[in-house]
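Work through the exercises below with the coordinates loaded. Each task is followed by a solution in steps.

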Amino acid sequence: MTSSIVFKSFTGLRHSSQEHPKVLHSHTNPISAFPYRRFRIKASKSSPKLQNRNLRVAVIGGGPAGGSAAETLAKGGIETYLIERKLDNCKPCGGAIPLCMVGEFDLPLDIIDRRVTKMKMISPSNVAVDIGQTLKAHEYIGMVRREVLDDYLRERASTNGAKVINGLFLKMDIPKKGSENINSPYVLHYTEYDGKKGGTGERRTLEVDVVIGADGANSRVAKSIDAGDYDYAIAFQERIKIPDDKMVYYENLAEMYVGDDVSPDFYGWVFPKCDHVAVGTGTVTHKGDIKKFQLATRNRARDKILGGKIIRVEAHPIPEHPRPRRLLGRVALVGDAAGYVTKCSGEGIYFAAKSGRMCAEAIVEGSGNGKRMVDESDLRRYLEKWDKTYWPTYKVLDVLQKVFYRSNPAREAFVEMCADEYVQKMTFDSYLYKRVMPGNPLEDLKLAVNTIGSLVRANALTREMDKLSV
């Protein structure tokens, strides 16, 4: 059922950069906050040719979005700069990537810590459903460490000609409006750390023609273009080194826990890494209680991680929906900076890398491999393509979160539904290959009936529990 829903209009991702963005508050529905508008694309061939130089693009942020964008730009003949402050940082992240990403981004298998072929979905009452029985022999979910993946993508960008700068982006000067300034450069201000200036670094400036903001949920590039705010979840994760005999259990297995104890609106997880497990949870509505939820997640998995030692504690924000504005002039946002994290699953790595690549491809195409100046219409091609390709995925997962994460009985119904082989096949196919899979009408009807039955039982249970609490 969920895989074959067709939605006729999605407005949350489309917003004209000519309008002043409205700030989204927690009571605002981000899916319907902005009206749909069609945009007229101007042919890039009308843009002037550059004299004695190629187009200059700065990518701010060196995660999957930034690394993928920089590589594509450099390969496409663009003079590319990648600015990242923490080149050795262990980015807080669950680290799951879909199978299609391995092929699309030509990732070497040795940077993938684990190939997960089994998952356990564990309900509030600790009913465990095994998921993964529909996977084919070659299919798996990859588990990576961000410090490994990000470094690989940056190094590959550098190998292809991008200049990687260890620096902290501070602000940028945006060209003033007016025909005489239409092709004026953006002046970036940043602090460069080259190992010779101690911890203070050295203030520098850089002139570029285009800026890609790939600098995460707290993006300074987004603030520079007044991109607006979004609701966000806080994710908390502990990396735990567990005894070898217990690590065998997680060799190719990941666990997801649902329940009010681990999160009122998200889920808890245990994901295997190279020699440890990542244990975490997240929430939008009760951020102040995140440590309490984390303790509950550890307690739910207690017997399987007994004797473990916490080797790292991490926390980070997860965007809940796209920003009101993702583009202004020759500045575009990608990845977490744009808000490309899915609801229900909280996945962002693939969408970050994909959006970075798609944005860079639009720039390469619009500039004729770096030979012409580009304008906003060239970058808007990336937004139009992104929205058309991925809107169904975001919408389906948004609906799932609203329906099944609202109460413990609803979560019990969700776990019950996950036991269905058809649900597992549709879910894994959609996740592994990043497209909403067409369903079988008869199976969809059967699934609809079963889902309604599960929800009816959940509502009945809720009413009985309410009576007991009076």
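The exercises concern a predicted model, and they go from strands to helices, then to charged pairs and cysteines.

**Exercise 1. Strand 1**

Task: Determine which strands pair with strand 1, and in which sense.

Solution. Start with strand 2. Strand 1 and strand 2 are joined by five bridges in the parallel sense, and one of the residue pairs is Val57 with Thr80 of strand 2. Next, take strand 11 (residues 210–213), which is also parallel to strand 1, over four bridges. Here Ile60 has Gly213 as its bridge partner. Finally, look at the connection between strands 1 and 2: together with helix 1 they make a right-handed β-α-β unit.

Task: Decide whether the side chains of strand 1 are buried or exposed on its two faces.

Solution. Sort the residues by direction. Arg56, Ala58 and Ile60 point one way, while Val57 and Val59 point the other way. The residues on both faces are buried. Five of the five residues of strand 1 (residues 56–60) are therefore buried, so the strand is largely enclosed by the rest of the structure.

**Exercise 2. A three-stranded sheet**

Task: Give the strand order of the open sheet that contains strand 7, and identify its edges.

Solution. The order is 3-7-4, with antiparallel pairing. Strand 3 (96–97) and strand 4 (114–116) are the edges; each has a single partner strand, so one side of each lacks a neighbour in the sheet. For the register, inspect strand 4 against strand 7 (residues 141–143): three bridges join them. Val116 lies opposite Ile141 in strand 7.

**Exercise 3. Two helices**

Task: Compare the end-to-end distance of helix 3 with the expected span, then find what covers its buried residues.

Solution. Helix 3 (residues 146–159) has 14 residues, and its first and last C-alpha atoms are 20 Å apart, close to the expected 20 Å at 1.5 Å a residue. Its buried residues are Arg146, Glu147, Leu149, Asp150, Leu153, Arg154, Arg156 and Ala157. The elements covering them include helix 1 (64–75), strand 2 (79–84), strand 8 (163–173), strand 12 (232–241) and helix 9 (349–366). Just past the end of helix 3, Gly161 has a positive phi of about 120°.

Task: Repeat the span check for helix 9 and state how many of its residues are buried.

Solution. The 18 residues of helix 9 should span 26 Å at 1.5 Å a residue, and the end C-alpha atoms are 26 Å apart, which agrees. Of the 18 residues, 16 are buried, so helix 9 is largely enclosed by the rest of the structure. Gly368 follows helix 9, with a positive phi near 60°.

**Exercise 4. Charged pairs**

Task: From the 21 salt bridges in the structure, examine those of Glu147, Glu255 and Arg204.

Solution. The side chains of Glu147 and Arg239 meet at 3.1 Å, N to O. This pair links distant parts of the chain, since Glu147 is in helix 3 and Arg239 in strand 12, 92 residues apart. Both Glu147 and Arg239 are buried.

Glu255 pairs with Lys304, with the closest N and O atoms 2.7 Å apart. This pair too links distant parts of the chain: Glu255 is in strand 13 (residues 253–259) and Lys304 in helix 7 (residues 302–305), 49 residues apart. Glu255 is buried at 0% relative accessible area, whereas Lys304 is partly exposed at 22%.

Arg204 and Glu202 form a salt bridge at 3.5 Å, N to O. Arg204 is partly exposed at 33% relative accessibility, and Glu202 is partly exposed at 28%.

Task: Name the residues linked to Arg56 in a network of salt bridges.

Solution. Arg53 and Asp209 are linked with Arg56 in the network.

**Exercise 5. Cysteines**

Task: Count the disulfides and describe the surroundings of Cys274.

Solution. With a cut-off of 2.5 Å between cysteine sulfur atoms, the count is zero. Cys274 lies in the loop between strand 14 (263–272) and strand 15 (277–283). Leaving out residues up to four places away in sequence, Cys274 touches Asp113, Arg114 and Arg145. Cys274 and Arg114 are 160 residues apart in sequence, yet their C-alpha atoms are 6.6 Å apart. For accessibility, Cys274 is partly exposed at 27%, whereas Cys359 is buried at 0%.

Technical notes. Residues numbered from 1 in each chain as written. Predicted model: local features only at pLDDT ≥ 70, side-chain atom pairs only at ≥ 80, totals over all residues. Heavy atoms only, no water. Buried < 20%, exposed > 50% of the residue type's maximum accessible area, 1.4 Å probe, protein only. Expected span 1.5 Å × (residues − 1). Contact = heavy atoms within 4.5 Å. Pairing = 2+ DSSP bridges. Salt bridge = Lys/Arg side-chain N within 4 Å of Asp/Glu carboxyl O. Right-handed = clockwise from strand over helix to strand, strands pointing away.
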